[in-house]
Amino acid sequence: MDFVLVIVPAVRQPQLYDLCGSTLNLIFDLSVPYASAVIEPLLNVSAIGNLCPPIRALKSNISRGFDCNVGEVLNMDTNDVPRCLHCPAGTFAGEKQQQCTRCPRGFYQNRDRQGSCIRCPMGTYTREEGSKSIGDCVPVCGYGTYSPTGLVPCLECPRNSYTGEPPTDGFKDCQACPANTFTYQPATGGKEYCRAKCSPGQYSDTGLSPCAQCPRNFFQPQHGQTTCFECPTNTRTGGPGAIGREECEPLQCTDNACQHGGLCVPMGHGIQCFCPAGFSGRRCEIDIDECSSQPCYNGASCVDLPQGYRCQCAPGYSGINCQVEQSDCHNKTCPERAMCKDEPGINNYTCLCRSGYTGLDCDVTINPCTANGNPCANGATCVALQQGRFKCECLPGWEGLHCEINTDDCSERPCLLGANCTDLVADFSCACPPGFSGKRCHEKIDLCSTNPCKHGMCVDKLFSHQCICYPGWTGVACDANINDCASSPCENDGQCEDGINDFRCTCEPGYTGKRCQHTVDDCASEPCQNGASCVDKLDGFVCKCRPGFVGLQCEAEIDECLSDPCSPEGTRQCIDLDNRFLCHCHEGYTGKYCEVNIDDCASEPCLNGATCKDDVGEFQCECPPGWTGSRCESDIGTCQNKPCQNDATCINLFQDFFCVCPSGTDGKHCETAPERCIGKPCMHGGRCQDFGSGLNCSCPDDYTGIGCQYEYDACAAGACRNGATCIDNGPGYTCVCPHGYTGKNCDEDVIDCKENSCPPSATCIDLIGKFYCQCPFNLTGEDCRKTIQVDYDLYFSDPTRSSASLVVPFFLGAKSSLTIAMWVQFTQKDEGGIFFSLYSVSYV
């Protein structure tokens with residue numbers, strides 16, 4: 001057994017790998033004496049128990065540089081030790097291959113570090129190179145289909161073309177059938193289905209070969225047909241395979257077509273012979289043996305004739321078939337009052353006396369009413385007639401020859417209302433339905449006359465009565481009291497006592513109600529506070545507190561801000577809410593706990609290559625030389641030192657400036673200007689100032705204009721603000737301010753919030769001429785000590801009775817609008833007053 005030993009350096013460092021192949025190969029080369037002294041212990045290894053056999057190195061293989069395993073490629077683009085990179089799924093790499101190769105079409109590889117790709121199953125192919133799964137192998141087109149890619153979805157080959165067993169990558173087009181061959185339908189799956197059309201006189205199911213000849217009396221003049229045309233009636237062809245209508249020849253009856261005088265008639269595509277009696281067969285050629293059916297009786301002999309037969313009768317018989325026996329009865333055979341009956345056989349007969357006669361010679365007269373008793377039944381009278389006949393005179397109700405039939409008195413349906421009729425002797429009886437009587441059931445009976453309903457009202461419903469029971473009663477006659485306790489209406493072990501249409505429950509202690517269904521309501525006194533829900537128990541109550549409240553009666557509020565959940569560095573205020581808290585962050589911080597410092601440099605605000613340094617709620621730009629400004633947006637000129645005089649406009653140039661001088665000025669700094677205040681151009685004591693670009697007069701209070709030449713009327717100009725009263729004093733004016741305003745022009749709001757204006761816990765909000773005390777969240781009332789309930793009322797006319805308040809001010813966030821909706825219920829009809837005040841809205 002051979003073993004291969006690979007020497008890997010124990011110290012992996014760049015210098016060692018740079019020398020790999022130039023020094024290590026000499027050290028480990030077995031062909032150089034003493035070159036492998038370092039690894040001598042590895043070249044001769046003794047046996048280790050029963051685990052490993054002894055091994056000895058026989059030869060060495062020196063390779064320079066770096067080698068990777070199959071499925072790996074060497075990455076030489078690293079600054080450190082070169083590494084073997086794994087070829088990913090969909091690629092492969094052979095031994096000493098420099099890069100990973102994508103699996104060609106028709107192959108895939110679902111694993112990495114592979115030296116080859118897996119061929120797709122037979123009949124499948126991949127759409128592109130580098131497939132990573134067998135699912136990428138899709139069926140190919142063939143057997144009558146094709147596609148531009150050779151893969152599914154496939155199209156059917158048109159008629160007269162085909163595809164057979166598909167190649168590896170499928171068919172991309174169809175093959176045309178050879179010359180003069182065709183297909184029966186599209187999607188033909190092989191060349192063998194390309195066949196020649198049937199010739200005239202032939203047909204097949206497809207119109208293609210193999211073909212059969214048109215049968216006798218049919219023809220076909222065209223190629224490639226699936227049927228043949230039948231010849232017209234009374235015509236026929238000379239044989240099969242006719243190719244035209246002209247081969248259908250008329251039928252003709254010849255003289256010898258039918259034998260023995262048969263009648264020849266053309267019919268369909270042949271002739272039919274109607275044979276005379278005694279002959280049969282297609283051409284009447286068969287003489288029928290009429291004696292074969294043995295038509296002669298009584299021992300007669302049958303003689304066959306050409307068109308019939310003849311019976312030779314035995315003595316005593318006659319007739320066509322010898323079926324008639326000669327009668328032995330003659331005129332004098334029997335006495336005068338007797339009748340002769342011929343019996344079978346020769347000289348065999350019987351004499352029967354006529355009715356009313358008897359005796360050997362039938363000469364004794366019979367009395368029919370006494371001979372065998374009275375023949376009339378049911379008391380009828382028998383009257384004798386001539387020749388032994390009689391007549392029965394029936395009693396009323398009977399009829400028939402012997403008065404044996406009872407006359408049906410029900411035949412005319414005498415009973416009304418569909419009652420059953422029973423026939424009697426000369427009479428009938430009607431079985432009347434309930435509620436009716438009389439001979440014919442024509443009289444109505446009052447079914448309620450006997451008061452059949454005990455505790456209810458009786459209703460006669462023609463054939464029956466119905467009892468409508470009073471409440472609490474049941475039964476056909478309303479005689480049964482309904483057991484109202486049967487459904488166990490009393491709950492909680494209450495005892496039920498039945499009554500008339502009612503029941504009464506005797507409740508166990510602690511229960512009440514009609515059915516003892518209610519426990520004693522311990523919640524009636526509203527013991528639960530702060531909007532908690534009270535659940536009545538059998539012995540006491542339980543309060544289900546709203547989130548944020550605890551206690552037996554939910555009397556204590558949980559302050560979620562006590563645990564200081566907000567970040568102390570970024571939080572402005574922690575607001576305690578119901579079962580939660582809200583952290584209001586300082587500017588520059590965000591996050592649920594205000595723990596995130598907003599990176600103000602994320603938007604790259606600094607321009608012109610400046611360096612941005614993030615700060616809390618702001619940023620600082622360190623500008624490169626030549627730039628200045630908060631965002632380094634301005635190049636550094638000298639305009640910041642205001643070099644331009646006489647109100648000239650300064651334009652910064654790069655490390656320079658330019659002064660746009662006003663009219664009448666000149667110079668680099670627009671320093672050259674005329675003196676405009678000479679001669680005191682400002683009137684009425686105005687003070688003149690020369691700004692270079694023009695004259696500027698500072699006028700007294702009672703004058704205005706460029707040169708203070710106009711008198712100033714402060715009242716006409718609306719100097720007094722906010723509805724103040726203006727008083728013109730000649731030189732000067734006075735504004736009488738309304739309540740809440742002060743200042744010379746009444747444009748300053750008087751601060752109404754004093755040190756003791758509101759309770760210690762409230763915040764005073766200054767308004768125009770008044771103030772508003774904002775209570776802490778969830779508190780209200782004049783002293784901000786009343787807790788707000790969830791289910792609250794607002795009493796606008798009496799704020800002390802209100803149980804709700806709203807934090808003022810409150811923030812809408814990104815919203816731009818606010819809708820306030822409320823129901824207003826006045827305590828008195830047509831009560832007036834203000835029910836809502838919006839103090840102020842601020843836009844940030």
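Q: Over which residues does pLDDT stay under 50, with 15 contacts beyond four places in sequence?
A: Residues 12–25. This is a predicted model, and pLDDT is the predictor's confidence on a scale from 0 to 100. Where that confidence is low, the predicted coordinates should not be read in detail.

Q: Which other stretch stays under 50, and how many contacts beyond four places in sequence does the model have for it?
A: Residues 803–809, with 22 such contacts. For the chain, the mean pLDDT is 81, and 84% of residues reach 70 or more.

Q: What makes up the chain, in helices and strands?
A: The chain has 3 helices and 74 strands. Of its 844 residues, 25% are buried. Among contacts between residues at least 6 apart in sequence, 23% join residues at least 24 apart.

Q: Why is the pair of Phe436 and Phe463 called tilted?
A: The ring centres are 5.5 Å apart, and the cut-off for a pair is 6.5 Å. The planes meet at 50°. Stacked needs under 30 degrees and edge-to-face needs over 60. The angle fits neither, so the pair is tilted. The count of aromatic pairs comes to 3.

Q: How do you know that this pair links distant parts of the chain?
A: Phe436 is in strand 39 (residues 436–437). Phe463 is in the loop between strand 41 (456–460) and strand 42 (465–469). The two are 27 residues apart.

Q: Why does Phe436 count as buried?
A: Its relative accessibility is 13%. Buried means under 20%, so Phe436 qualifies.

Q: What makes Phe463 partly exposed?
A: Its relative accessible area is 35%. Partly exposed runs between the 20% and 50% limits, so Phe463 belongs there.

Q: How do you know that the charged end of Lys439 sits over the ring of Phe428?
A: The charged end lies 4.5 Å from the ring centre. The distance limit is 6 Å, and the charge must also be within 35 degrees of the ring normal. Lys439 is listed as sitting over the ring of Phe428. Lys514 likewise sits over the ring of Phe503, 4.7 Å from its centre.

Q: What shows that side chains alternate along strand 38?
A: In residues 427–431, Phe428 and Cys430 point to one face and are buried. Asp427, Ser429 and Ala431 point to the other face and are not buried. In a regular strand the side chains alternate between the two faces of the sheet.

Q: How do you know that strand 37 and strand 38 pair?
A: At least two bridges are needed. Strand 37 (residues 420–424) and strand 38 have 5, in the antiparallel sense. Cys421 has Cys430 as its bridge partner. The hairpin has 2 residues between the strands, and Ala426 takes a positive phi near 60°.

Q: What makes strand 71 and strand 72 a pair?
A: They are joined by 4 bridges and run antiparallel. The threshold is two. The strands span residues 763–766 and 771–774. Thr763 has Gln774 as its bridge partner. Here 4 residues lie between the strands, and Gly769 has a positive phi near 75°.

Q: Why does Thr235 count as buried?
A: Thr235 has 10% relative accessibility. The limit is 20%, so Thr235 is buried. Thr235 is in strand 19 (residues 235–236). A polar atom of its side chain lies 2.5 Å from the backbone oxygen of Pro232. Beyond four places in sequence, the contacts of Thr235 include Asn217, Cys248, Leu251 and His269.

How values were computed. Residues are numbered from 1 along each chain as its sequence is written. This is a predicted model: local features need pLDDT of at least 70, side-chain atom pairs count only at pLDDT 80 or more; totals for chains, interfaces and linings use all residues. Side-chain values use heavy atoms; hydrogens and water are left out. Contact means heavy atoms within 4.5 Å. Rings of Phe, Tyr and Trp (its six-membered ring) pair if their centres lie within 6.5 Å; planes under 30 degrees apart count as stacked, over 60 as edge-to-face and the rest as tilted. Buried means under 20% relative accessible area, exposed over 50%, partly exposed in between (1.4 Å probe, protein chains only). A polar contact is a pair of N or O atoms within 3.5 Å; within protein, one must be able to donate a hydrogen and the other to accept it, and residues adjacent in sequence count only if both atoms are side-chain atoms.
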